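Let's take a walk through this structure together, one chain at a time and then across the contact between them. Keep the viewer open as you read.

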Amino acid sequence: MKLTCLSKGQGFYFPPCHILNVCGFLVLLDCPLDLSALTIFSPILTDSKAILDEDSDCPAHISLDSESRGSKRQKLEKPLDDTKNFVHSEPCYKTVKNLNLWDITSINVVLISSPMGMLGLPFLTRMKGFSAKIYATEAAARLGQFMMEDLVMMHMEFRQFYGPEESSFPQWMKWEELEVLSSALKDRVLGDDGSELGGWMPLYSAADVKDCIQKVQVLKYAEETCYSGTLILKAFSSGLEIGTCNWTINGPKRNIACLSSSIFVSSYAMNFDYHALQGYDLVLYSDFSLLDVMEDTDNDNYFAPAANNFSATSDDSNTQDVNTESLLNTDENLEETEKLAFISSCAIDSVKAGGSVLIPIGRLGIVLQLLENISSYLESLNLKVPMFIISSVAEELLAFSNIIPEWLCKQRQEKLYSGEPLFAHVDLIKEKKLHLFPAVDSDKLLRIWQEPCIVFCSHWSLRLGSVVHLLQRWCGDQNSLLVMEKGVDADLALLPFKPMAMKILQCSFLSGMKLQKVQPLLKMLQPKIVLFPEKLRRHFSFSSTSPISFIEYSENETLRIPSLKLNSELDIAIDLASQLKWTKLKQENINIARLKGELFVEHSKHLLLPGNGNGNEQVVGFSQSRLLLQHWGSLDVQSLVTALHNMGINASVEQGKHDATTQSDFTVCVLEPKKALIKINATGTVISAADEKFAAFIFEAICNCFCLDGI
Amino acid sequence: MVIECLVLGAGQEVGKSCVVVSINGKRIMFDCGMHMGYLDHRRYPDFSLISKSGDFDNALSCIIITHFHLDHIGALPYFTEVCGYNGPIYMTYPTKALAPLMLEDYRRVMVDRRGEEEQFTSENIVQCMKKVTAVDLKQTVQVDKDLQIRAYYAGHVLGAAMIYAKVGDAAIVYTGDYNMTPDRHLGAAQIDRLRLDLVITESTYATTVRDSKYAREREFLKAVHKCVASGGKVLIPTFALGRAQELCILLDDYWERMDLKVPIYFSAGLTIQANMYYKMLINWTSQKVKDTYATRNAFDFKNVSNFDRSLINAPGPCVLFATPGMISGGFSLEVFKQWAPYEANLVTLPGYCVAGTIGHRLMSGKPTKIDLDENTQIDVRCQIHQLSFSPHTDAKGIMDLLKFLSPKHVILVHGEKPKMALLKGRIQSELGIQCHDPANNDTVCIPSTHYIKADTSNAFVRSSLSPNFKFLKRSIGNSDLGPADTSATSTLQVCDERVAEGILIMERNQMAKVVHEDELPELLGEKTHVVQFAHCCPVTINNLERTTNSDLSSSKDVSCVWLHLLFAKLSNELTEETIQDCGEHLQVESMYITVCLKDNCPYRTTDCFGGKSATTYFCCTWSVADEKLAWKIISIMKNLDLSNT
């Protein structure tokens, strides 16, 4: 088995990407896009007031709007004076560059573990010769589809703005253009050594997305599927988001659990099903979320536990008996709940002060919970502030979130059993407290628009979608609030909107396992081998007595993992086994038998069933009844002569010409009752007799002679 | 190894489905239903047959419920809360969500209306449902180390499942109730091709083959429309879940198209409440309904409203869905008593009615009077419309499923005795599958699959999987075939005859091992000792000029000629085997034939019978496997005369 980590990713929105070679099959784990790289592009800045106030008959604004296109350069350059220009072009999208170095057509299987992990998939599926089977959970595939469709819709605005590209090669990627970029931007475009440049791709089309989705085979959690009879693939919930999963791969000689970013206790998605990962020989640990946490030095509020804290706990848990309660403690869940409560109270403060709240967060679960939280706060304070979700897929997305009880946590499932909607947004929409719109410029939105308000919209990169317009509208208002996630480079992201008077709340949400839980988890899973990111390894102190062997991997290095099992297993049908003719060997209590049947490889198992001959029996006839015999050991000549004598055959031995000390040739001559000759040497015996019966008779004598085992 | 099936209910009858299957030490109860036709002890399965001591937790590995109908789940609260079973219970998400509604409704009907002593309380239902683990379709659930279960879509009602259970190498499927054709809100049953020892299938319609659904729907709509057009009232007694939604989608759609204003009512809030669940569980409905969820949920009915008791005798036409189905009591009976005596009214009975219910009596014949009890008699003058809308598979569907799954054995349950016997005969004769139709409390034992586990070497697997092409020469058969046919049937046929051949080694205290025969000597640390046969065979040659032995170069040429001659002769004689001319020797399977030029060959056991000049010798060697073949060839050679060419 071989592992190549193509990318360690970056945070929740850009999961890692690996390639595995298992049992001769090439398996790609996830195919994400690095959307944070979109920040190098300039957003399309228009006067959003003009759009939203269109119906307030203000001709001045309309004229401003029509002007905006022509004067975009000047307008943009003003706030960017001290920095360098952003790229003014239709954006390209940054794929995993190392994936482009592989022969895409040789990939056999693609496993998708989250909606984010499939955003780059249309780039693969539209390639000629791509024939891999793609597996994803039903929910992840659906959410991924929404995300991609939304991305394509948002991108449309750019396409309309810049018009069609003159050439297939984007102008901004020309060397002269790249030269003038600031070093921060250049870094993002080129990477350390310029190699990243190859990863940039113009966006796929809506048709590409549709085509891609059709190629995805969707599964339920814990549904078994078998690739090519050899690999059994199963997805188990990882708790990170609705539909996210950890894959397990069972082959005839190896079983692997791919551990992606997982959350033990979630308040919306189904919890991390870690019990299901027990009993796998090899764990591919690819939860890099800790890395983001550790690198994030500014972050002091939420992630207090440091590495040295952890080594202390690891020493305590030396016993095999791992305290599973520690895995399930709900501290982190409480922390998350507190964060949501804090954001909600900040939002309430803003609307009370007359400002609006803009929440460009891309996590469905967080959005759904914030909706519930904020609405209940508003309710309790009797505030009539409208909430909006603006996205081309808002309606479908929310409708979808209410028909997937099977993918949610226990508490949400309880709502199903008591006949309540799974999320509160169903009632909020009915009560007209929450409004869904495909875009900021939709007619219905203009009719009911009212400020202050609370708006959820995309995109979190602050470069695409409605967020650009609304941010521009409110960035000067000191009462308004922008809620954004940490991990997005806020300075760069907000640069086009400066100066900002608007309040900004940056928060980070749990995106994977906590440091303290990694070791107890691995102890409980009891794998033989853990493939562990080299970058994370130094934060852990695994005791040397641990039965688990750790193999470190790092980006773009191929790791070969030695096989644990030499042999695969074979299931032999009992009716076949009962017909076997056993031969007992004189040595070491060994019995052997010839085995013949039809071998099936199904469900990663080798199955030997009695062959049915397929009706061709008579044609093949002779060769099928063929029974190959093989003998070994050396024949004791004297006992053979005795045996022959007992059968009424007179035989005499002639010593061969070789010297007698080494094993030499013998010739046994038979004259009575018929003429025959038996030549014996170290490697074989030749029987020569005048007729069939007598030859068989002698053969039997030799076989009965116990010095020789045969089959 | 045997699989033991104890049929506690639905054996040669419909009602109280309950089968307890023991496989390799695991004991699974499939369904835990009640019989709607009985009010005494016969309404529940006889649980004492599972465990005399009543220690059900140790007697059963788990309970699996296929769907929410009372004849499949009705006894569950009784079994868990009154009998005290505390082990795991599995059912699908919709079943877990909807079963409490059914159970609570039934309990209310029993206690509140009939004034019976209650078998279980509301609290019992709540406690019982807390013990249930919900599963998704196709989710593979590991109940314990050895027992694996999986649910497949059955289509019968929302959340209905067929259950696959596997212990060790033995596997079975219990179908529950299923439907092989999709209807308006549910899809058709779906299952993988599995290796099965046993299928336990329902057989409600063991002998019926149903016509197209479209005609039945039209007939139903026509009857309803005719009735309301002439001012009559339509009573549709159904259970709250399932048929109610199906027919409602149908009627709502029809009302819309025909622009009808006649009210459609649901009795009580139950069905309205049920629709809420249906909306959330839309993923379990048919593809068509599923696809439209975002724009319009199919369970948001436009023309449907709640019924009030005061409307029973209100003037004017209406359509009423009333619970329970089969008119087994409750509100549907109450309305039936009021509406039955009037000719303008219509009672539509969708689907199956259990023996003992009024529905059953209405369907079997046209009674004009029905005795409710000693004191009450109902005049039945209304029209009765039978609607074969039952979401059960018909006989063809059962046969199709069994043919698809091809299990080693079939057990029929949930049907009527005479019809089941007929179906059983068909299964045995048409499909060649052993079939049983046990009565209640009978036990059926069938053998179970068991595989011998062995380690296998790569060489064995490789050799077994490598293609083994055989080229078969076929004489051109029927000469009267047209030219198109002759082009299609080539004279040369290629077939891939993969045969797995190897050696199984059993060593004490070790796992059995399968290797390729070439690997054996090394494995045992021995050298191969080959036993071969040899025979130097004289063949008559008359008019060929013999060269002297001294001229070696020319004798080689001559021996080649002889070999060729022999090849030609043998090819004529041997029809089945392929003989190869390898220049220096001829080869048939393991047999080698060379020209023997030695004067004193040790293998020349036969004395030459002709003159020396007329005979040449061919040395043959072969291994034991081709003993018969070799002697056959030798006998041919002995009688040959190479001179005749």
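Chain B of this predicted model carries 18 helices and 32 strands. Its radius of gyration comes out at 38 Å, well over the 26 Å that the globule rule gives for 645 residues, so chain B is more spread out than a compact globule. You can get a feel for that from the C-alpha trace, which spans about 125 × 65 × 50 Å along its principal axes. Of the 645 residues in this chain, 44% count as buried. As for how the chain folds back on itself, take the contacts with a separation of 6 or more: residues 24 or more positions apart account for 73% of them.

Now zoom in on a sheet in chain B. Seven strands make up an open sheet with mixed pairing, and reading across you get the order 6-5-4-3-2-1-22. At the edges stand strand 6 (132-135) and strand 22 (443-447); each has a single partner strand, so one side of each is left without a neighbour in the sheet. On average, and ignoring direction, neighbouring strands here are turned by 25° against each other. Inside this sheet, have a look at strand 2 (residues 18-23) and strand 3 (residues 26-30) of chain B, an antiparallel pair joined by 5 bridges. Val21(B) is a handy place to start, as its bridge partner in strand 3 is Ile28(B).

Still in chain B, find helix 10, which covers residues 330-339. How many of its 10 residues are buried? The count is 7, so the helix is mostly covered by the cut-off of 20 or more other C-beta atoms within 10 Å. On the buried list are Gly330(B), Phe331(B), Ser332(B) and Leu333(B), followed by Val335(B), Phe336(B) and Trp339(B).

Over to chain A. This chain has 25 helices and 33 strands, and 42% of its 711 residues are buried. Among its contacts between residues at least 6 apart in sequence, 70% join residues at least 24 apart. The domain assignment divides chain A into domain 1 (332-507), domain 2 (570-624) and domain 3 (631-710). If you jump from domain 1 of chain A to domain 3 of chain A, you cover 94 Å between their C-alpha centres.

So where do the two chains meet? The contact takes 75 residues from chain A and 67 residues from chain B. On the chain A side, the element that gives the most is strand 26 (residues 590-602), with 10 residues. Sorted by class, that side of chain A has 39 nonpolar, 20 polar and 16 charged residues. Strand 26 of chain A also pairs across the contact: 8 bridges join it to strand 26 (residues 500-507) of chain B, and the two run antiparallel. To line the two strands up in your viewer, pick Ala593(A), which stands opposite Leu504(B).

Finally, a few backbone details in chain A. Most residues other than glycine have a negative phi, and most peptide bonds are trans. With that in mind, which peptide bond leads into Pro452(A)? The bond from Glu451(A) to Pro452(A) is cis, with omega near 0°, and Pro452(A) sits in the loop between helix 17 (443-448) and strand 18 (454-457). Another cis bond runs from Lys498(A) to Pro499(A), again with omega near 0°. Pro499(A) belongs to the loop between helix 19 (490-494) and strand 20 (503-507) of chain A.

Then there are the positive phi values. Asp30(A) has a phi of about 70° although it is not a glycine. You'll find Asp30(A) in the loop between strand 3 (25-29) and strand 4 (33-34) of chain A. Is this loop residue buried or exposed? Asp30(A) is buried, as 30 other C-beta atoms lie within 10 Å.

Ser604(A) is another residue other than glycine with a positive phi, in this case near 65°. Its place is the loop between strand 26 and strand 27 (605-609) of chain A, which brings you back to the strand that gives the most to the side touching chain B. Ser604(A) is buried as well, with 23 other C-beta atoms within 10 Å.

Methods. Residues are numbered from 1 along each chain as its sequence is written. Chains are lettered from A and ligands numbered from 1 in the order in which they are written. This is a predicted model: local features need pLDDT of at least 70, side-chain atom pairs count only at pLDDT 80 or more; totals for chains, interfaces and linings use all residues. Helices (H or I, at least four residues) and strands (E, at least two) are DSSP runs, numbered from the N terminus. The radius of gyration is taken over C-alpha atoms; the globule rule is 2.2 Å times the number of residues to the power 0.38. A residue is buried if 20 or more other C-beta atoms lie within 10 Å of its own, exposed if 12 or fewer, and partly exposed in between; C-beta atoms are placed from the backbone. Two residues are in contact if their C-beta atoms, placed from the backbone, lie within 7 Å. Domain bounds come from an automatic or database domain assignment. Ala, Val, Leu, Ile, Met, Phe, Trp, Tyr, Cys and Pro count as nonpolar, Asp, Glu, Lys and Arg as charged, and the others, Gly among them, as polar. Two strands pair if DSSP finds at least two bridges between them. Axes are lines fitted to C-alpha atoms, for helices over the stretch in contact, and angles run from 0 to 180 degrees between N-to-C directions.
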